[in-house]
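Open the model in a viewer and keep the sequence panel beside it. The stops below say what to select and what is found there.

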Amino acid sequence: MTVGKRALLYLTRKKGRSILLILLVFVMSSFILIGNSLKSSADKEIKEIQNSLGNSFILKEPIGLVDYPDNYEYVSGDDDPLGIGVNYIGPKVTPDLIEDILEINDVTDYFATFNDLAIVDLELKPGLWDMNTPDEETTEEEINILQHETSVIYCSIGNLHRYFRTGATEIVKGRNIQKEDHYTAIISEYLAEKNHLSVGDTFLISTYAWTDKISLTVLSDDAITVKIVGIFRANVEQETAITTAEDQYLDNFIFTDIMTGTELTKIRDEYLDVEYDEWISEYTFFVDNPENIDEIMQQVKESEYWVDGLLLTRDKSSYEASIKPLKQIFILATILVVVGIAGCAIILFLVLTMWIKGRKREVAILLSIGINKKKVIVQMVLECVTVSVVGLVLTFVLSTATINGCCKATEYITAPKSEDPMYKASVHWGFTELDIEKVSSEAVQLDYDLSGRDVVWITLVILAISTGSVLLASNQVMRIKPKELLQMT
(Lines give C-alpha, C1' and ligand atoms only; values in the text may rest on other atoms or scores of the structure.)
Protein backbone atom coordinates (compact mmCIF):
# COMPACT_ATOMS: atom_id res chain seq x y z
CA MET A 1 0.00 0.00 0.00
CA THR A 2 1.34 3.41 -0.94
CA VAL A 3 2.01 6.21 1.51
CA GLY A 4 -0.88 8.24 0.06
CA LYS A 5 -3.37 5.39 0.45
CA ARG A 6 -2.29 4.72 4.04
CA ALA A 7 -2.67 8.44 4.88
CA LEU A 8 -6.15 8.59 3.31
CA LEU A 9 -7.20 5.36 5.05
CA TYR A 10 -6.10 6.73 8.42
CA LEU A 11 -7.99 10.00 7.93
CA THR A 12 -11.21 8.24 6.91
CA ARG A 13 -11.00 5.71 9.74
CA LYS A 14 -10.27 8.44 12.31
CA LYS A 15 -13.00 10.83 11.19
CA GLY A 16 -13.52 12.40 14.60
CA ARG A 17 -9.83 13.14 14.99
CA SER A 18 -9.59 14.45 11.41
CA ILE A 19 -12.59 16.75 11.82
CA LEU A 20 -11.21 18.06 15.10
CA LEU A 21 -7.87 18.83 13.45
CA ILE A 22 -9.63 20.52 10.51
CA LEU A 23 -11.56 22.75 12.93
CA LEU A 24 -8.37 23.53 14.79
CA VAL A 25 -6.62 24.60 11.59
CA PHE A 26 -9.73 26.55 10.57
CA VAL A 27 -9.80 28.50 13.82
CA MET A 28 -6.07 29.18 13.82
CA SER A 29 -5.89 30.23 10.16
CA SER A 30 -9.03 32.40 10.56
CA PHE A 31 -7.37 34.08 13.53
CA ILE A 32 -4.30 34.87 11.41
CA LEU A 33 -6.41 35.92 8.42
CA ILE A 34 -8.53 38.30 10.50
CA GLY A 35 -5.44 39.88 12.04
CA ASN A 36 -3.82 40.23 8.64
CA SER A 37 -6.96 41.74 7.09
CA LEU A 38 -7.30 44.34 9.84
CA LYS A 39 -3.59 45.13 9.62
CA SER A 40 -3.70 45.53 5.83
CA SER A 41 -6.89 47.62 5.96
CA ALA A 42 -5.48 49.94 8.62
CA ASP A 43 -2.18 50.26 6.75
CA LYS A 44 -4.05 51.13 3.54
CA GLU A 45 -6.11 53.81 5.30
CA ILE A 46 -3.03 55.24 7.05
CA LYS A 47 -1.26 55.65 3.70
CA GLU A 48 -4.31 57.34 2.17
CA ILE A 49 -4.56 59.76 5.11
CA GLN A 50 -0.82 60.37 4.93
CA ASN A 51 -1.12 61.29 1.25
CA SER A 52 -3.98 63.70 1.91
CA LEU A 53 -3.16 65.13 5.35
CA GLY A 54 0.45 64.27 6.09
CA ASN A 55 1.90 65.72 2.90
CA SER A 56 2.89 69.17 4.09
CA PHE A 57 5.22 71.07 6.40
CA ILE A 58 4.96 74.55 7.91
CA LEU A 59 7.57 77.28 7.84
CA LYS A 60 6.86 80.29 10.04
CA GLU A 61 8.40 83.06 12.03
CA PRO A 62 8.56 82.61 15.84
CA ILE A 63 5.98 85.25 16.69
CA GLY A 64 4.53 85.68 20.16
CA LEU A 65 5.81 87.87 22.98
CA VAL A 66 5.06 85.26 25.62
CA ASP A 67 6.66 82.29 23.85
CA TYR A 68 9.52 84.14 22.14
CA PRO A 69 10.40 87.23 24.21
CA ASP A 70 13.94 87.40 22.79
CA ASN A 71 12.51 88.11 19.34
CA TYR A 72 11.09 91.48 20.47
CA GLU A 73 12.52 94.80 21.52
CA TYR A 74 10.63 97.29 23.65
CA VAL A 75 10.13 100.69 22.03
CA SER A 76 8.31 103.92 22.74
CA GLY A 77 7.69 107.35 21.33
CA ASP A 78 8.46 107.85 17.64
CA ASP A 79 9.94 104.36 17.49
CA ASP A 80 6.51 102.91 18.26
CA PRO A 81 4.10 104.28 15.62
CA LEU A 82 1.77 101.30 16.05
CA GLY A 83 1.43 101.98 19.74
CA ILE A 84 2.00 98.37 20.78
CA GLY A 85 5.21 98.89 22.75
CA VAL A 86 7.31 96.27 20.95
CA ASN A 87 8.92 95.56 17.58
CA TYR A 88 9.59 92.12 16.15
CA ILE A 89 13.31 91.68 15.53
CA GLY A 90 13.40 87.90 15.11
CA PRO A 91 14.21 85.85 11.98
CA LYS A 92 12.00 86.35 8.92
CA VAL A 93 10.95 84.21 5.99
CA THR A 94 12.39 85.77 2.83
CA PRO A 95 11.22 85.46 -0.79
CA ASP A 96 14.61 83.93 -1.66
CA LEU A 97 14.07 81.16 0.87
CA ILE A 98 10.58 80.45 -0.51
CA GLU A 99 11.93 80.23 -4.06
CA ASP A 100 14.73 77.95 -2.91
CA ILE A 101 12.24 75.60 -1.20
CA LEU A 102 10.02 75.43 -4.30
CA GLU A 103 13.03 74.20 -6.30
CA ILE A 104 13.45 71.14 -4.05
CA ASN A 105 12.32 67.90 -5.67
CA ASP A 106 8.83 66.73 -4.62
CA VAL A 107 7.81 70.20 -3.34
CA THR A 108 4.75 71.02 -5.45
CA ASP A 109 3.14 74.19 -4.08
CA TYR A 110 2.79 76.41 -1.06
CA PHE A 111 0.08 78.24 0.82
CA ALA A 112 0.52 81.63 2.50
CA THR A 113 -1.59 83.10 5.27
CA PHE A 114 -1.55 85.82 7.88
CA ASN A 115 -4.04 87.08 10.41
CA ASP A 116 -5.02 90.53 11.60
CA LEU A 117 -7.81 92.44 13.26
CA ALA A 118 -10.18 94.61 11.26
CA ILE A 119 -13.41 96.55 11.62
CA VAL A 120 -16.44 95.35 9.64
CA ASP A 121 -19.85 96.92 9.14
CA LEU A 122 -21.53 93.73 10.37
CA GLU A 123 -23.34 92.77 13.54
CA LEU A 124 -21.03 90.30 15.27
CA LYS A 125 -21.68 87.62 17.82
CA PRO A 126 -21.69 89.53 21.15
CA GLY A 127 -18.63 89.16 23.34
CA LEU A 128 -16.55 91.03 25.87
CA TRP A 129 -17.00 94.48 24.34
CA ASP A 130 -20.77 94.09 24.14
CA MET A 131 -20.83 93.92 27.95
CA ASN A 132 -18.33 96.75 28.54
CA THR A 133 -19.20 100.24 29.59
CA PRO A 134 -17.19 103.45 29.10
CA ASP A 135 -14.51 104.22 31.67
CA GLU A 136 -11.39 106.34 32.03
CA GLU A 137 -9.46 104.19 29.54
CA THR A 138 -12.11 103.42 26.90
CA THR A 139 -14.70 105.80 25.49
CA GLU A 140 -18.19 104.82 24.37
CA GLU A 141 -17.17 105.48 20.76
CA GLU A 142 -14.22 103.10 21.06
CA ILE A 143 -16.41 100.42 22.64
CA ASN A 144 -18.84 100.74 19.72
CA ILE A 145 -15.94 100.33 17.34
CA LEU A 146 -14.49 97.31 19.17
CA GLN A 147 -17.90 95.63 19.07
CA HIS A 148 -17.31 95.44 15.29
CA GLU A 149 -13.69 94.30 15.53
CA THR A 150 -13.05 90.73 14.38
CA SER A 151 -10.27 88.43 13.27
CA VAL A 152 -9.62 88.33 9.55
CA ILE A 153 -7.65 85.49 8.00
CA TYR A 154 -5.96 86.47 4.76
CA CYS A 155 -5.04 83.41 2.67
CA SER A 156 -3.95 82.61 -0.86
CA ILE A 157 -6.09 79.46 -1.22
CA GLY A 158 -8.91 79.03 1.25
CA ASN A 159 -9.27 75.25 0.91
CA LEU A 160 -5.65 74.83 1.98
CA HIS A 161 -6.08 76.67 5.26
CA ARG A 162 -5.81 74.22 8.14
CA TYR A 163 -9.30 75.05 9.42
CA PHE A 164 -10.77 73.72 6.17
CA ARG A 165 -8.29 70.87 5.74
CA THR A 166 -9.05 69.53 9.21
CA GLY A 167 -12.80 69.94 8.81
CA ALA A 168 -13.06 72.50 11.62
CA THR A 169 -14.81 74.69 9.04
CA GLU A 170 -16.49 73.73 5.79
CA ILE A 171 -18.04 75.61 2.89
CA VAL A 172 -21.81 75.15 2.81
CA LYS A 173 -22.67 77.75 0.18
CA GLY A 174 -20.69 79.21 -2.69
CA ARG A 175 -16.97 78.54 -2.88
CA ASN A 176 -13.74 79.21 -1.03
CA ILE A 177 -11.02 81.82 -1.58
CA GLN A 178 -8.95 81.19 -4.72
CA LYS A 179 -5.47 82.34 -5.68
CA GLU A 180 -6.64 84.85 -8.28
CA ASP A 181 -9.30 86.44 -6.01
CA HIS A 182 -9.26 90.16 -5.21
CA TYR A 183 -11.55 91.72 -2.59
CA THR A 184 -13.56 88.59 -1.82
CA ALA A 185 -14.59 87.10 1.51
CA ILE A 186 -15.99 84.02 3.25
CA ILE A 187 -18.25 84.53 6.26
CA SER A 188 -19.90 82.13 8.69
CA GLU A 189 -23.48 80.90 8.65
CA TYR A 190 -23.99 82.84 11.88
CA LEU A 191 -22.94 86.19 10.37
CA ALA A 192 -24.85 85.51 7.17
CA GLU A 193 -28.07 84.84 9.06
CA LYS A 194 -27.63 87.66 11.60
CA ASN A 195 -26.89 90.24 8.89
CA HIS A 196 -29.26 88.80 6.25
CA LEU A 197 -26.43 88.24 3.80
CA SER A 198 -25.87 85.62 1.11
CA VAL A 199 -23.38 84.78 -1.62
CA GLY A 200 -22.96 87.77 -3.92
CA ASP A 201 -23.62 90.43 -1.28
CA THR A 202 -20.96 92.87 -0.12
CA PHE A 203 -19.75 94.48 3.11
CA LEU A 204 -16.96 96.83 4.23
CA ILE A 205 -13.67 96.01 5.92
CA SER A 206 -11.66 98.81 7.51
CA THR A 207 -8.33 98.88 9.23
CA TYR A 208 -7.63 101.03 12.28
CA ALA A 209 -4.78 102.49 14.29
CA TRP A 210 -4.14 103.56 17.84
CA THR A 211 -2.80 107.08 17.83
CA ASP A 212 -0.96 108.38 20.87
CA LYS A 213 -1.55 104.85 22.23
CA ILE A 214 -4.90 105.90 23.66
CA SER A 215 -7.02 107.12 20.76
CA LEU A 216 -8.56 104.58 18.39
CA THR A 217 -8.94 105.78 14.82
CA VAL A 218 -10.85 103.77 12.24
CA LEU A 219 -9.67 104.47 8.70
CA SER A 220 -13.21 104.20 7.38
CA ASP A 221 -12.57 106.58 4.47
CA ASP A 222 -10.31 103.91 2.99
CA ALA A 223 -12.63 100.98 3.73
CA ILE A 224 -12.52 98.14 1.20
CA THR A 225 -15.70 96.64 -0.23
CA VAL A 226 -15.48 92.87 -0.38
CA LYS A 227 -17.83 90.47 -2.11
CA ILE A 228 -19.08 87.34 -0.34
CA VAL A 229 -18.18 84.31 -2.46
CA GLY A 230 -18.89 81.63 0.12
CA ILE A 231 -20.38 80.83 3.51
CA PHE A 232 -18.72 78.45 5.97
CA ARG A 233 -20.01 76.37 8.83
CA ALA A 234 -18.01 76.13 12.07
CA ASN A 235 -17.84 72.53 13.28
CA VAL A 236 -16.15 73.47 16.55
CA GLU A 237 -17.97 73.63 19.86
CA GLN A 238 -16.06 76.57 21.25
CA GLU A 239 -15.80 77.03 24.99
CA THR A 240 -16.16 80.68 25.92
CA ALA A 241 -16.06 82.87 29.00
CA ILE A 242 -17.02 86.41 29.92
CA THR A 243 -13.54 87.47 28.79
CA THR A 244 -14.03 86.11 25.26
CA ALA A 245 -13.92 89.09 22.91
CA GLU A 246 -15.78 89.39 19.64
CA ASP A 247 -12.63 88.75 17.63
CA GLN A 248 -12.12 85.40 19.40
CA TYR A 249 -15.36 83.77 18.26
CA LEU A 250 -14.90 81.48 15.27
CA ASP A 251 -18.39 82.46 14.09
CA ASN A 252 -17.12 86.04 13.73
CA PHE A 253 -14.01 85.09 11.73
CA ILE A 254 -13.76 86.27 8.15
CA PHE A 255 -11.60 84.72 5.45
CA THR A 256 -10.46 86.91 2.63
CA ASP A 257 -7.75 87.03 -0.04
CA ILE A 258 -4.14 88.15 0.28
CA MET A 259 -4.74 91.22 -1.89
CA THR A 260 -7.31 92.58 0.55
CA GLY A 261 -4.95 92.05 3.47
CA THR A 262 -2.06 93.69 1.64
CA GLU A 263 -4.16 96.74 0.79
CA LEU A 264 -5.40 97.17 4.37
CA THR A 265 -1.87 96.84 5.74
CA LYS A 266 -0.58 99.46 3.29
CA ILE A 267 -3.42 101.81 4.26
CA ARG A 268 -2.51 101.56 7.94
CA ASP A 269 1.23 101.86 7.36
CA GLU A 270 0.70 104.94 5.19
CA TYR A 271 -1.53 106.50 7.85
CA LEU A 272 1.11 105.85 10.51
CA ASP A 273 3.86 107.04 8.15
CA VAL A 274 5.89 103.83 8.46
CA GLU A 275 7.49 101.68 5.80
CA TYR A 276 5.19 98.95 4.51
CA ASP A 277 6.07 95.56 5.97
CA GLU A 278 4.50 92.41 4.59
CA TRP A 279 2.79 90.57 7.41
CA ILE A 280 2.80 87.08 5.93
CA SER A 281 4.62 85.01 8.54
CA GLU A 282 3.45 81.45 7.89
CA TYR A 283 3.84 79.25 4.82
CA THR A 284 2.64 75.70 4.28
CA PHE A 285 4.50 73.68 1.65
CA PHE A 286 3.07 70.57 0.01
CA VAL A 287 5.03 67.57 -1.25
CA ASP A 288 4.34 64.73 -3.67
CA ASN A 289 5.85 61.98 -1.56
CA PRO A 290 5.05 62.24 2.17
CA GLU A 291 7.58 59.50 2.96
CA ASN A 292 10.40 61.90 1.99
CA ILE A 293 9.11 64.86 3.96
CA ASP A 294 11.76 64.63 6.72
CA GLU A 295 14.52 64.59 4.12
CA ILE A 296 12.95 67.57 2.34
CA MET A 297 12.74 69.53 5.60
CA GLN A 298 16.44 68.83 6.17
CA GLN A 299 17.19 70.24 2.70
CA VAL A 300 15.25 73.38 3.66
CA LYS A 301 17.51 73.89 6.67
CA GLU A 302 20.54 73.46 4.43
CA SER A 303 19.42 76.26 2.10
CA GLU A 304 21.79 79.23 1.86
CA TYR A 305 18.82 81.47 2.72
CA TRP A 306 17.88 79.58 5.87
CA VAL A 307 17.91 81.66 9.06
CA ASP A 308 18.40 79.98 12.41
CA GLY A 309 15.43 80.50 14.67
CA LEU A 310 12.72 79.98 12.05
CA LEU A 311 10.16 77.32 12.93
CA LEU A 312 9.98 74.32 10.60
CA THR A 313 7.55 71.57 11.55
CA ARG A 314 5.48 68.85 9.94
CA ASP A 315 1.87 69.84 9.49
CA LYS A 316 0.08 67.50 11.87
CA SER A 317 -3.06 69.59 12.22
CA SER A 318 -5.32 66.63 11.52
CA TYR A 319 -3.02 63.80 10.53
CA GLU A 320 -2.23 62.51 14.02
CA ALA A 321 -5.84 62.53 15.23
CA SER A 322 -7.09 60.91 12.03
CA ILE A 323 -4.67 58.00 12.15
CA LYS A 324 -4.80 57.46 15.92
CA PRO A 325 -7.52 54.75 15.84
CA LEU A 326 -5.93 53.25 12.71
CA LYS A 327 -2.59 52.99 14.49
CA GLN A 328 -4.30 51.23 17.37
CA ILE A 329 -5.96 48.82 14.96
CA PHE A 330 -2.66 48.24 13.14
CA ILE A 331 -0.82 47.44 16.38
CA LEU A 332 -3.59 45.16 17.69
CA ALA A 333 -3.85 43.41 14.32
CA THR A 334 -0.09 42.85 14.24
CA ILE A 335 -0.32 41.33 17.71
CA LEU A 336 -3.19 39.12 16.50
CA VAL A 337 -1.09 37.84 13.60
CA VAL A 338 1.96 37.17 15.78
CA VAL A 339 -0.09 35.56 18.54
CA GLY A 340 -2.07 33.60 15.94
CA ILE A 341 1.04 32.18 14.33
CA ALA A 342 2.71 31.44 17.66
CA GLY A 343 -0.48 29.97 19.11
CA CYS A 344 -1.08 27.86 16.03
CA ALA A 345 2.46 26.47 16.21
CA ILE A 346 2.25 25.66 19.92
CA ILE A 347 -1.25 24.16 19.84
CA LEU A 348 -0.63 22.08 16.72
CA PHE A 349 2.66 20.81 18.15
CA LEU A 350 1.04 19.80 21.45
CA VAL A 351 -1.98 18.16 19.79
CA LEU A 352 0.11 16.29 17.21
CA THR A 353 2.61 15.22 19.85
CA MET A 354 -0.23 13.72 21.88
CA TRP A 355 -1.78 12.01 18.86
CA ILE A 356 1.48 10.64 17.50
CA LYS A 357 2.35 9.25 20.92
CA GLY A 358 -1.02 7.50 20.79
CA ARG A 359 0.04 5.84 17.51
CA LYS A 360 3.11 4.08 18.93
CA ARG A 361 1.66 0.61 18.22
CA GLU A 362 0.80 1.58 14.64
CA VAL A 363 4.29 3.02 14.07
CA ALA A 364 5.93 -0.08 15.58
CA ILE A 365 3.95 -2.39 13.31
CA LEU A 366 4.78 -0.36 10.20
CA LEU A 367 8.45 -0.39 11.10
CA SER A 368 8.34 -4.11 11.88
CA ILE A 369 6.95 -5.04 8.43
CA GLY A 370 9.79 -3.22 6.71
CA ILE A 371 8.43 0.26 6.10
CA ASN A 372 11.25 2.66 6.86
CA LYS A 373 10.97 5.60 9.23
CA LYS A 374 11.13 8.13 6.39
CA LYS A 375 7.96 6.76 4.77
CA VAL A 376 6.15 6.67 8.10
CA ILE A 377 7.02 10.31 8.72
CA VAL A 378 5.99 11.24 5.16
CA GLN A 379 2.62 9.55 5.79
CA MET A 380 2.04 11.59 8.95
CA VAL A 381 3.10 14.78 7.21
CA LEU A 382 0.76 14.03 4.31
CA GLU A 383 -2.11 13.39 6.73
CA CYS A 384 -1.53 16.70 8.49
CA VAL A 385 -1.07 18.63 5.23
CA THR A 386 -4.30 17.18 3.84
CA VAL A 387 -6.22 18.18 6.95
CA SER A 388 -4.59 21.62 6.91
CA VAL A 389 -5.53 22.20 3.28
CA VAL A 390 -9.17 21.32 4.03
CA GLY A 391 -9.13 23.71 6.99
CA LEU A 392 -7.58 26.46 4.86
CA VAL A 393 -10.12 26.00 2.08
CA LEU A 394 -12.90 26.31 4.65
CA THR A 395 -11.23 29.47 6.00
CA PHE A 396 -10.92 31.13 2.59
CA VAL A 397 -14.46 30.16 1.54
CA LEU A 398 -15.90 31.79 4.64
CA SER A 399 -13.37 34.64 4.66
CA THR A 400 -15.63 37.32 3.17
CA ALA A 401 -18.28 36.99 5.84
CA THR A 402 -15.70 36.55 8.60
CA ILE A 403 -13.55 39.51 7.62
CA ASN A 404 -16.49 41.84 6.94
CA GLY A 405 -17.98 40.98 10.30
CA CYS A 406 -14.70 41.66 12.12
CA CYS A 407 -14.16 44.91 10.20
CA LYS A 408 -17.65 46.14 11.10
CA ALA A 409 -17.10 45.19 14.74
CA THR A 410 -13.75 47.02 14.76
CA GLU A 411 -15.33 50.10 13.16
CA TYR A 412 -18.02 50.09 15.85
CA ILE A 413 -15.53 49.67 18.71
CA THR A 414 -13.22 52.44 17.46
CA ALA A 415 -16.01 54.84 16.48
CA PRO A 416 -15.76 58.17 18.34
CA LYS A 417 -18.29 58.64 21.08
CA SER A 418 -21.01 61.14 20.31
CA GLU A 419 -20.24 63.10 23.46
CA ASP A 420 -16.55 63.44 22.63
CA PRO A 421 -15.64 66.73 20.89
CA MET A 422 -13.82 66.34 17.58
CA TYR A 423 -12.01 69.67 17.90
CA LYS A 424 -10.50 71.60 20.76
CA ALA A 425 -10.32 75.37 20.33
CA SER A 426 -8.23 77.65 22.50
CA VAL A 427 -7.21 81.28 22.31
CA HIS A 428 -3.45 81.81 22.27
CA TRP A 429 -2.56 85.14 23.81
CA GLY A 430 -0.99 87.54 21.34
CA PHE A 431 -2.49 85.90 18.25
CA THR A 432 -5.55 86.73 16.18
CA GLU A 433 -6.24 83.11 15.36
CA LEU A 434 -7.74 80.28 17.32
CA ASP A 435 -5.59 77.23 17.99
CA ILE A 436 -7.95 74.53 16.75
CA GLU A 437 -6.67 71.02 17.39
CA LYS A 438 -8.36 67.96 16.02
CA VAL A 439 -8.54 65.64 19.02
CA SER A 440 -10.85 62.96 17.66
CA SER A 441 -11.09 61.23 14.31
CA GLU A 442 -14.02 60.40 12.12
CA ALA A 443 -15.41 56.89 12.18
CA VAL A 444 -12.91 54.41 10.78
CA GLN A 445 -13.82 52.86 7.43
CA LEU A 446 -12.08 49.54 6.85
CA ASP A 447 -12.13 48.03 3.38
CA TYR A 448 -10.34 44.77 2.68
CA ASP A 449 -10.31 42.32 -0.22
CA LEU A 450 -8.60 38.94 0.10
CA SER A 451 -5.70 38.92 -2.34
CA GLY A 452 -3.86 36.03 -3.94
CA ARG A 453 -0.74 37.10 -2.10
CA ASP A 454 -2.53 36.77 1.25
CA VAL A 455 -3.84 33.32 0.30
CA VAL A 456 -0.35 32.15 -0.62
CA TRP A 457 1.47 33.43 2.46
CA ILE A 458 -1.15 32.25 4.95
CA THR A 459 -1.21 28.84 3.26
CA LEU A 460 2.57 28.58 3.42
CA VAL A 461 2.59 29.62 7.08
CA ILE A 462 -0.03 27.03 8.09
CA LEU A 463 1.57 24.25 6.05
CA ALA A 464 5.00 25.13 7.44
CA ILE A 465 3.63 25.02 10.99
CA SER A 466 1.79 21.74 10.34
CA THR A 467 4.80 20.08 8.74
CA GLY A 468 7.19 21.35 11.38
CA SER A 469 4.90 20.21 14.18
CA VAL A 470 4.65 16.70 12.71
CA LEU A 471 8.41 16.45 12.26
CA LEU A 472 9.14 17.59 15.80
CA ALA A 473 6.40 15.43 17.34
CA SER A 474 7.28 12.30 15.34
CA ASN A 475 10.97 12.64 16.15
CA GLN A 476 10.24 11.76 19.76
CA VAL A 477 8.62 8.48 18.69
CA MET A 478 10.99 7.57 15.84
CA ARG A 479 14.00 7.58 18.15
CA ILE A 480 12.53 4.54 19.99
CA LYS A 481 13.12 1.06 18.58
CA PRO A 482 10.04 -0.85 17.22
CA LYS A 483 10.37 -3.59 19.89
CA GLU A 484 10.38 -0.97 22.68
CA LEU A 485 7.42 0.77 21.09
CA LEU A 486 5.40 -2.45 21.15
CA GLN A 487 6.30 -2.99 24.77
CA MET A 488 5.13 0.58 25.59
CA THR A 489 1.62 -0.05 24.14
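The tour goes from the whole chain to single residues, then to salt bridges and surface patches.

**The whole chain**

Begin with everything shown as a cartoon, and keep in mind that this is a predicted model. The protein chain has 15 helices and 16 strands. Of its 489 residues, 46% count as buried. Switch on the surface: the accessible area of the protein chain is about 25200 Å², and carbon and sulfur atoms contribute 54% of it. Among contacts with a separation of 6 or more, 80% are between residues 24 or more positions apart.

**Helix 7 and Leu 191**

Select residues 189–194, which form helix 7, and pick out Leu 191 within the helix. Is Leu 191 buried or exposed? Its relative accessible area is 0%, so Leu 191 is buried. Now display what surrounds the side chain. Leaving aside residues up to four places away in sequence, Leu 191 touches Leu 122, Glu 123 and Leu 124, and also Asp 251, Asn 252, Phe 253 and Ile 254. Draw a distance from the C-alpha of Leu 191 to that of Asp 251: the two are 7.0 Å apart in space, although 60 residues separate them in sequence.

Stay with helix 7 and select Glu 189 together with Arg 233. Their side chains meet in a salt bridge, at 3.0 Å from N to O. This pair links distant parts of the chain, since Arg 233 is in strand 11 (residues 224–234) and Glu 189 in helix 7, 44 residues apart. Both partners are partly exposed: Arg 233 has 34% relative accessibility, and Glu 189 has 32%.

Next, go to His 196, in the loop between helix 7 and strand 8 (202–206). Its phi is near 55°, a positive value in a residue other than glycine. With a relative accessible area of 71%, His 196 is exposed.

**From strand 6 to strand 7**

Move to Tyr 183, in the loop that runs between strand 6 (169–174) and strand 7 (184–188). Here too phi is positive in a residue other than glycine, with a value near 60°. Tyr 183 is partly exposed, at a relative accessible area of 32%.

Then select Arg 175 and Asp 181. What joins their side chains? They meet in a salt bridge, with 2.8 Å from N to O. Arg 175 is partly exposed at 30% relative accessible area, whereas Asp 181 counts as buried at 8%.

**Ser 156 and helix 6**

Select Ser 156, which is found in the loop between strand 5 (149–155) and helix 6 (162–166). Ser 156 has a relative accessible area of 15%; the cut-off for buried is under 20%, so this residue is buried. Show its neighbours, again without residues up to four places away in sequence: Ser 156 touches Phe 111, Ala 112, Ile 177, Gln 178, Lys 179 and Ile 258.

Go on to helix 6 by selecting Arg 162 and Glu 282, whose side chains meet in a salt bridge of 2.6 Å, N to O. Distant parts of the chain are linked here: Arg 162 belongs to helix 6 and Glu 282 to strand 13 (residues 282–287), with their positions 120 residues apart in sequence. Glu 282 is buried, with a relative accessible area of 9%. A search of the whole structure finds 7 salt bridges.

**Two surface patches**

Return to the surface view and colour it by charge. Which residues form a negative patch? They are Asp 96, Glu 99, Glu 103 and Glu 304. Zoom in on Glu 103, which lies in the loop between helix 3 (95–102) and strand 4 (107–120). At 62% relative accessibility, Glu 103 counts as exposed.

Last, select Phe 31, Ile 331, Leu 332, Ile 335 and Val 339, which make a nonpolar surface patch of about 460 Å². Which helix gives the largest share of this patch? Helix 10 (residues 319–357) does, with 4 residues. Ile 331, one of the residues in the patch, has its place in helix 10.

Note on methods
Residues numbered from 1 in each chain as written. Predicted model: local features only at pLDDT ≥ 70, side-chain atom pairs only at ≥ 80, totals over all residues. Heavy atoms only, no water. Patch = residues over 30% accessible without salt bridge, like charges linked within 9 Å, V, L, I, M, F, W, Y side chains within 5 Å. Areas by Shrake-Rupley, 256 points an atom, 1.4 Å probe, with all protein chains shown as cover. Salt bridge = Lys/Arg side-chain N within 4 Å of Asp/Glu carboxyl O. Lys, Arg positive; Asp, Glu negative; His and termini not counted. Charge placed at Lys NZ, Arg CZ, Asp CG, Glu CD. Buried < 20%, exposed > 50% of the residue type's maximum accessible area, 1.4 Å probe, protein only. Contact = heavy atoms within 4.5 Å.
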